[in-house]
Protein chains: 2
Amino acid sequence: MSLREKKKLETKNNIFEVSGRLFKEKGFENTTIDEITREVGIAKGTFFNYFPTKGSLLLYFREQKHELIHELLEAEKSKNVPTKEKIKGFLVLLAESYEKDKELTKLFILEYKRYAVHSGFSPDNGNSMHYRFSRILHDFLEEGAENGEIKSTVDLETAAEMLNVVYFHTLIVWLRSENDFPFSRNISAKIDLLFEGIRN
Amino acid sequence: MSLREKKKLETKNNIFEVSGRLFKEKGFENTTIDEITREVGIAKGTFFNYFPTKGSLLLYFREQKHELIHELLEAEKSKNVPTKEKIKGFLVLLAESYEKDKELTKLFILEYKRYAVHSGFSPDNGNSMHYRFSRILHDFLEEGAENGEIKSTVDLETAAEMLNVVYFHTLIVWLRSENDFPFSRNISAKIDLLFEGIRN
DNA sequence: GGTCATTAATGACTGCAGTCATATTTAAGT
DNA sequence: ACTTAAATATGACTGCAGTCATTAATGACC
């Protein structure tokens with residue numbers, strides 16, 4: 001790695017670290033780029049060589065966080081429990097990992113939503129949280145379908161999409177609540193409902 | 001109504017009308033307050049006497065739109081069809097009403113989401129789209145429960161919340177698509193799935 | 001119809017995100 | 001070591017949302 005590359009990486013990490021701290025301390029809106037760059041010791045313009053907008057920092061936070069997801073996923077995939085339990089376990093674990101950085105998570109979930117409405121979660125965007133999650137959930141469901149745990153008439157894409165969207169909605173409500181919200185029970189109830197149906 | 005009140009209403013309507021037109025013509029981000037006020041013939045500051053932020057215009061658009069909802073609702077409520085069909089009918093009608101102002105709808109759905117993440121859809125906020133919708137859906141479900149169409153073990157609040165969130169997600173995807181997306185079939189399939197469950 | 005308090009209008013001003021022409025640093029070729 | 005091209009850094013500048021102290025319009029009351 002050349003001197004150039006080393007410096008570049010270091011600058012990016014510095015921006016990342018400082019902005020994360022400031023966002024947590026004072027919130028996203030109350031933190032200015034000027035503040036971040038002053039603290040990092042770079043010029044304002046330099047920031048924009050690394051991140052195209054202030055909001056894109058949040059997408060980067062999300063990406064970093066999601067490196068962890070695949071570990072959770074592998075651990076959960078190999079368990080020998082019914083599909084429904086696997087999905088519950090995965091989503092609860094995931095939420096617990098978000099819980100560690102509640103404030104930051106709120107921010108990047110919000111930013112994701114903004115992005116999602118503007119530009120969509122198109123399949124060709126490998127970094128789309130929505131897409132990756134739907135894929136993972138779809139894999140679980142497919143396994144369940146192969147075992148005969150799931151009705152053959154169910155469209156697995158649709159089911160995965162619904163799990164996904166219900167999950168994120170619940171996550172947001174949970175993140176916003178002051179921890180008196182029993183996330184895992186709540187999401188479990190919804191997954192049950194989706195598996196069992198509501199019709200008598 | 002006094003002269004004052006008349007003028008006030010007229011100014012508000014003018015802002016509403018001009019901004020709506022400009023948003024449709026050039027998009028929300030590309031329309032500036034200066035432009036709106038110039039065209040309306042008021043000073044910039046006056047705008048903020050009527051709407052606290054640029055985004056709040058979108059909430060106002062939404063409110064206006066939602067005056068229509070209750071008409072749809074009443075028509076649908078009185079039909080004598082199964083609960084599931086009532087819900088489908090209502091959601092499809094609603095989507096069709098959104099379709100008339102696709103670009104504007106996109107904007108205010110986005111703004112709603114932003115708002116929702118920031119400040120929640122608290123029950124005490126009577127204007128919250130989320131809350132009103134959940135209430136309406138809840139009413140439908142309650143009727144279904146009374147007729148024995150719905151499992152007694154199902155928590156109606158949860159079911160309404162899920163219908164709601166799945167609906168809005170689907171709506172967004174549909175609004176973003178270029179009309180080749182069969183909304184009513186898609187949302188119907190999801191409602192079916194939620195009613196019947198996915199477990200074999 | 002004149003006085004005064006209340007309500008609304010005004011636009012210069014502030015703060016911040018994001019741009020861009022210019023300057024500096026790096027690395028490769030000779 | 002010198003030259004040169006490419007990569008990177010810089011900060012003054014622009015554009016826009018939102019504020020606020022000041023001014024104008026309105027209507028209640030005598």
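Which backbone atom of Ile33(B), and at what distance, lies by a phosphate oxygen of DNA strand D? In this predicted model, a backbone N or O atom of Ile33(B) is placed 3.1 Å from a phosphate oxygen of that strand.

## Contacts with the phosphates

Ile33(B) is joined by other residues of chain B in approaching the phosphates of DNA strand D. A backbone N or O atom of Arg4(B) lies 2.8 Å from a phosphate oxygen of the strand, whereas for Lys7(B) an N or O atom of the side chain is 2.4 Å from a phosphate oxygen of DNA strand D.

## The surroundings of DNA strand D

In total, 20 residues surround DNA strand D, and the closest are Ala43(A), Arg4(B), Lys7(B), Lys44(B) and Lys54(B). Of the atoms of the strand that come within 4 Å of the protein, 64% belong to sugar and phosphate.

The surface near DNA strand D draws at least two residues from each of α1 (3–26) and α3 (44–50) of chain A, and likewise from each of α1 (3–26) and α3 (44–50) of chain B. Helix α3(A) gives the most, with five residues. By character, the residues of this surface divide into seven charged, seven polar and six nonpolar.

## Confidence in chain A

Chain A has a mean pLDDT of 86, with 90% of its residues reaching 70 or more. Among the elements of this chain, helix α2 (residues 33–40) has the highest mean pLDDT, 98, while helix α7 (residues 102–119) has the lowest, 66. Over residues 116–126 of chain A the pLDDT stays under 50, and for this stretch the model has 23 contacts beyond four places in sequence.

Methods
Residues are numbered from 1 along each chain as its sequence is written. Chains are lettered from A and ligands numbered from 1 in the order in which they are written. This is a predicted model: local features need pLDDT of at least 70, side-chain atom pairs count only at pLDDT 80 or more; totals for chains, interfaces and linings use all residues. Side-chain values use heavy atoms; hydrogens and water are left out. A residue is near a molecule or strand if one of its heavy atoms lies within 4 Å of it. A polar contact is a pair of N or O atoms within 3.5 Å; within protein, one must be able to donate a hydrogen and the other to accept it, and residues adjacent in sequence count only if both atoms are side-chain atoms. Helices (H or I, at least four residues) and strands (E, at least two) are DSSP runs, numbered from the N terminus. Ala, Val, Leu, Ile, Met, Phe, Trp, Tyr, Cys and Pro count as nonpolar, Asp, Glu, Lys and Arg as charged, and the others, Gly among them, as polar. pLDDT is the predictor's confidence in each residue, from 0 to 100. Contact means heavy atoms within 4.5 Å.
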